[in-house]
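Good morning, and thank you for coming. I should like to take you through one structure today, with attention to burial, salt bridges and the nonpolar core.

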Amino acid sequence: KIARKMARVYKAAGAVYNAMDEIPKISGFLSNMELLRQAHPTWDNTRLEEEAANRTKNQYPTWSRVPAGIQGLRRFLPMGTFVTFASELFRTTYRSMIQSRKDLYSGNSRMRRHAIATMARATAMTVGLKGLAGLMSSVFGKVDDDEQRRLDRLHPPWSRHSTKFYYRGDDDKIHTFDLSFMFPHLGMLDSWNAMTEPEADWSV
């Protein structure tokens, strides 16, 4: 009886998890449908649905699109399912950038306005959040810019360029919160910062 109850609880938890994963996709699909109706009023419903579905798949993580090689890596315990999420994160970010560029030069005024707004939001979110973290560290964390730069150099290579919030405690010890783990899309900006750092070491 206990095993059956546990199985039901597990199944219910899985259903809730799947629902939370699908709700944003449904919302995104409906938003894309409305956008395409405004941009292409002569398209029939079938064409609108096909285009909206393709755009949604490229904007939200879709586990069926994870390459077979990446899925195989999940069997290695040290990596686990993280590689799947990272793969989809980079795929959707890349495909969203390609789609925005396509919309920008499509010749359709509605799609062009949408592309400009999308790129502006993405830039503001990533760059703005990184700048806000530095400001918060200075104002509330009581760690100035020079200290933040010196502390960044003390971190291991894989987290040296991540977005961090520094906080000085009552004991004068400085505590670090790595925000890139909370906001995965910051990884794209962190990678760019690492490549463009003047003191970057590219030796192998």
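Let me begin with a term: a residue is called buried when its relative accessible area is under 20%, and exposed when that area is over 50%. Please also keep in mind that the model before you is a predicted one.

By that cut-off, aspartate 103 is buried, because its relative accessible area is 5%. Its salt-bridge partner is arginine 55, and the two side chains meet at 2.9 Å, N to O. The pair joins distant parts of the chain, since arginine 55 sits in helix α2 while aspartate 103 sits in helix α4, residues 82-104, and 48 residues separate them. Is arginine 55 buried or exposed? Arginine 55 counts as buried, because its relative accessibility is 3%.

Let us turn to the helix that carries this arginine. Helix α2 runs over residues 45-59, which makes 15 residues. From first C-alpha to last, α2 reaches 21 Å, close to the 21 Å expected at 1.5 Å a residue. Which residues of α2 are buried? They are Leu48, Ala52, Arg55, Thr56 and Asn58. These residues lie on the same side of α2, because the arc they cover around the axis is only 165°. At the N-terminal end of α2, aspartate 44 acts as the cap, with a side-chain oxygen 3.2 Å from the backbone nitrogen of threonine 46.

Two of the buried residues of α2, Leu48 and Ala52, bring us to the nonpolar core. The largest such core has eight residues, namely Met33, Leu35, Leu36, Ala39, Trp43, Leu48, Ala52 and Met111. Helices α1, residues 2-39, and α2 each supply at least two of its residues, and α1 gives the most, with four. As a general matter, nonpolar side chains tend to be buried together in soluble globular proteins. Methionine 111, a member of this core, also leads back to the salt bridge I described. Leaving aside residues up to four places away in sequence, methionine 111 touches Leu35, Leu36, Ala39, His40, Arg55, Asp103 and Ser106. Both partners of that bridge, arginine 55 and aspartate 103, are therefore among the contacts of methionine 111.

I come now to the remaining charged groups. How many salt bridges does a search of the whole structure find? The search finds six. Glu147, Arg168 and Asp172 are linked in a network of such bridges. Within it, the side chains of arginine 168 and glutamate 147 meet at 2.7 Å, N to O. Arginine 168 belongs to strand β1, residues 164-168, and glutamate 147 to helix α6, so the pair ties together parts that are 21 residues apart in sequence. Arginine 168 also meets aspartate 172 in a salt bridge, here at 3.5 Å, N to O.

The burial of these residues deserves a word. Arginine 168 is buried, because its relative accessible area is 18%. Glutamate 147 is buried too, with a relative accessible area of 18%. Aspartate 172, by contrast, is exposed, because its relative accessible area is 52%.

Glutamate 147 is placed in helix α6, which covers residues 145-154. Not counting residues up to four places away in sequence, the contacts of glutamate 147 are Lys142, Arg168 and Ile174.

Key:
Residues are numbered from 1 along each chain as its sequence is written. This is a predicted model: local features need pLDDT of at least 70, side-chain atom pairs count only at pLDDT 80 or more; totals for chains, interfaces and linings use all residues. Side-chain values use heavy atoms; hydrogens and water are left out. The expected span of a helix is 1.5 Å times one less than its number of residues. Buried means under 20% relative accessible area, exposed over 50%, partly exposed in between (1.4 Å probe, protein chains only). The arc is that of the directions from the helix axis to the C-beta atoms. A polar contact is a pair of N or O atoms within 3.5 Å; within protein, one must be able to donate a hydrogen and the other to accept it, and residues adjacent in sequence count only if both atoms are side-chain atoms. Contact means heavy atoms within 4.5 Å. A salt bridge is a side-chain nitrogen of Lys or Arg within 4 Å of a carboxyl oxygen of Asp or Glu. A nonpolar core is a set of buried Ala, Val, Leu, Ile, Met, Phe, Trp, Tyr and Cys residues joined through side-chain atoms within 4.5 Å.
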